[in-house]
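Trainee: I am new to this structure and would like a close look at a single part. Could you start from one loop and then lead me outward, step by step, to whatever surrounds that part?

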Amino acid sequence: MTPHPQSCDVAIIGGGPAGSAAGTRLSRAGLRVTILEKEKFPRFCVGESLLPHGNDLLKEIGVWDKLEQAGFLRKYGAEFSTPDGERQNRLWFGENLAPQHEYTYQVERAPFDQLLLDHARENGCTVHEETRVTALHDAPGAPITLHAEGPSGRTELTARWVVDASGRCAFAGSRAGLRRRGTQKVRRVAIYAHFEGATRHEGKAEGHITIIRTAGGWFWLIPLAGNRMSVGLVLPHGEVKGEGDYNDLFAAAVAAAPAVAQRLDSARRLTPLRATGDYSWKFSSFATRRVLLTGDAAGFVDPIFSSGVMLALQSGLRAADLLVKADRCGRSLRLWERWAYTRSVTGWMNRYARLIRSFYDRAGFEVFMSPQPVLQLPRSVARLVGGQTDPGLADRLRLRLFDTVCRLQRRLNIAPPIPSLR
Ligand SMILES: Cc1cc2nc3c(=O)[nH]c(=O)nc-3n(C[C@H](O)[C@H](O)[C@H](O)COP(=O)(O)OP(=O)(O)OC[C@H]3O[C@@H](n4cnc5c(N)ncnc54)[C@H](O)[C@@H]3O)c2cc1C
């Protein structure tokens, strides 16, 4: 980027899935879009397991065929397990979702995000990598001004609209005067690395994500293409004393969970252990008159059901559509439009929030792990696990009923108890 001021119709902060999806859509609608990304891609990012309903969004922006050719590992379902491996619940998308949702992919995020950003570029977006946005000025009657620092120094960019897709950095929300609040009582930390040589399942189950619930948290095992496996441990923030603690904590948690230890028995760690605070929060509103928050920059949902990338794509596209409509009428966003956008994105997040609460609640997890085919409850849960964020009435009612059964389990032991979690 030159040090001289530049202008565009829409400036997007961040070139992750939300930013690339929004940029592609906006550029295809004829708007001049500039994406400012602070890193040089490909860059590491956590969050490697996709959901099949996200396939539709990738098709909408025309990148699905490229993904199919990119050599990622197909994911046909998900499995949940107790730490001793005694109880397992294995889901197959093909048994619960429409045929086009039979599978999706497990992706290393560095090449996946690069693919999406390159696609945005090919669709007309101007992309500046290694360019960090440092300030945002949104004064009435003037274009929005962004200050950024890039390879050629400091610069300014003016735009009619800003889409914040800066992930959990959440650059614009508080600067635009929006309030941020936590949505889970317990703050958690994730400690994770890539391994080589971990035991994988046979056949189509090779690409299943495995989630292992422990007494205080959970593990993920995400098989990736080649012989790689992403392994992460999520535990309450209070259990982590400091950075030097990660290795010991991780090793002790693996040793205490035979279902994980067995799969890592002959595995070699390829990357250092990284840690990320993953507590959940969201802004009070996801839009001002000219700034829209998308993906993690709007709010962060606990990653247990791998919903993050799909919600990022979905909110990026919804924000882009809203913006195109207002831009064509030559006006800023109306109050009801901002409210409707916030409401629909919050609605998607809340569907997961309820299921996440059940997962962390021991009694709820016991019900989740005993999927009796009563009233098709497990199918409705599986459809949400597959990423169906706008369920029909029947599924919504069944999900409510599932919540109620989880609550009753605390007193009635409807589902068999899981002694290793008691
Ligand atoms: C422990 C953990 C496990 C997860 N597991 C999964 C999973 O299995 N599946 C899943 O779908 N999701 C998962 N997620 C969530 C997923 O990572 C995110 O939801 C997803 O990456 C959000 O996409 P995004 O585009 O909103 O943000 P990001 O992917 O974070 O992209 C934001 C981009 O903005 C850039 N940026 C930030 N600030 C600035 C700035 N000031 N100027 C310019 N650029 C900036 C960043 O460099 C980054 O490239 C997980 C998250 C965590 C923490």
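**From a loop to the core**

Mentor: Happily! Let us begin with proline 42, which sits in the loop between strand S2 (33-36) and H2. Bear in mind throughout that this is a predicted model. The peptide bond leading from phenylalanine 41 into proline 42 is cis, and its omega is near 0°.

Follow the chain out of that loop and you arrive at helix H2, residues 53-60. What does H2 pack against, and at what angle do the axes cross? Its partner is H9: the two axes come within 9 Å and cross at roughly 40°. That angle makes H2 oblique to H9, because angles under 35 degrees would count as roughly parallel. The crossing of H2 past H9 is left-handed. On the H2 side, the contact is built from His53, Gly54, Leu57, Leu58 and Glu60, while H9 brings Met310, Leu313, Gln314 and Leu317. Sorted by character, the residues where H2 meets H9 are five nonpolar, three polar and one charged.

Now turn to H9 itself, and to the loop that comes just before. Serine 307 lies there, between strand S20 (299-300) and H9. Is serine 307 buried or exposed? With a relative accessible area of 1%, serine 307 is buried, since the cut-off for that word is under 20%. Setting aside neighbours within four places in sequence, serine 307 touches Leu51, Val301 and Tyr352.

Tyr352 lets us step across to another pair of helices, as Tyr352 belongs to H10 and takes part in the contact with H12. Helix H10 spans residues 335-360 and helix H12 spans residues 377-385; they pack at an angle of about 120°, with axes 11 Å apart. H10 is therefore oblique to H12. As with the earlier pair, look at the handedness: H10 passes H12 in a left-handed crossing. Here Arg351, Tyr352 and Leu355 from H10 meet Val381, Leu384 and Val385 from H12. That contact holds five nonpolar residues, no polar ones and one charged.

With these helices in place, we can look at the interior. In soluble globular proteins, nonpolar side chains tend to be buried together. Which residues have the most contacts inside the largest nonpolar core? They are Leu26 and Phe305, in a core of 110 residues. Helix H9, residues 308-328, supplies the largest share of this core, with twelve residues. Looking beyond the neighbours within four places in sequence, leucine 26 is in contact with Val10, Ile12, Leu31, Val33, Val163, Ala320, Leu323 and Val324. A second, separate core has 22 residues, including Val189, Ile191, Phe219 and Val231.

Next comes helix H1, residues 17-28, and its partner H5, residues 109-122; their axes come within 8 Å and cross at roughly 15°. H1 and H5 are therefore roughly parallel to each other. H1 passes H5 in a left-handed crossing. From H1, the contact draws on Pro17, Ser20, Thr24 and Arg28, and from H5 on Arg109, Phe112, Asp113, Leu116, Leu117, His119 and Ala120. Together the contact residues of H1 with H5 divide into five nonpolar, three polar and three charged.

Phe112 of H5 also leads us to phenylalanine 72, since the two are in contact. Phenylalanine 72 is found in the loop between helix H3 (64-68) and strand S3 (73-75), and is buried at 14% relative accessible area. Besides Phe112, its contacts outside the neighbours within four places in sequence are Leu67, Tyr105, Gln106, Val107, Glu108, Pro111 and Ala225.

Finally, here are two loop residues to compare with our starting proline. Glutamate 130 has a positive phi of about 50° although it is not a glycine. Glutamate 130 is in the loop between strand S7 (126-128) and strand S8 (132-137), and is partly exposed, with 42% relative accessible area. Alanine 170, also not a glycine, has a positive phi of about 45°. Alanine 170 occupies the loop between strand S10 (153-164) and helix H6 (171-175), and counts as buried at 4% relative accessibility.

Technical notes
Residues numbered from 1 in each chain as written. Predicted model: local features only at pLDDT ≥ 70, side-chain atom pairs only at ≥ 80, totals over all residues. Heavy atoms only, no water. Axes fitted to C-alpha atoms, helices over the stretch in contact; angles between N-to-C directions. Helix = DSSP H or I, 4+ residues; strand = E, 2+ residues; numbered from the N terminus. Parallel < 35°, antiparallel > 145°, perpendicular 65-115°, else oblique. Left-handed = near helix turned anticlockwise from the far one by under 90°. Contact = heavy atoms within 4.5 Å. Nonpolar A, V, L, I, M, F, W, Y, C, P; charged D, E, K, R; others polar. Core = buried A, V, L, I, M, F, W, Y, C linked by side-chain atoms within 4.5 Å. Buried < 20%, exposed > 50% of the residue type's maximum accessible area, 1.4 Å probe, protein only.
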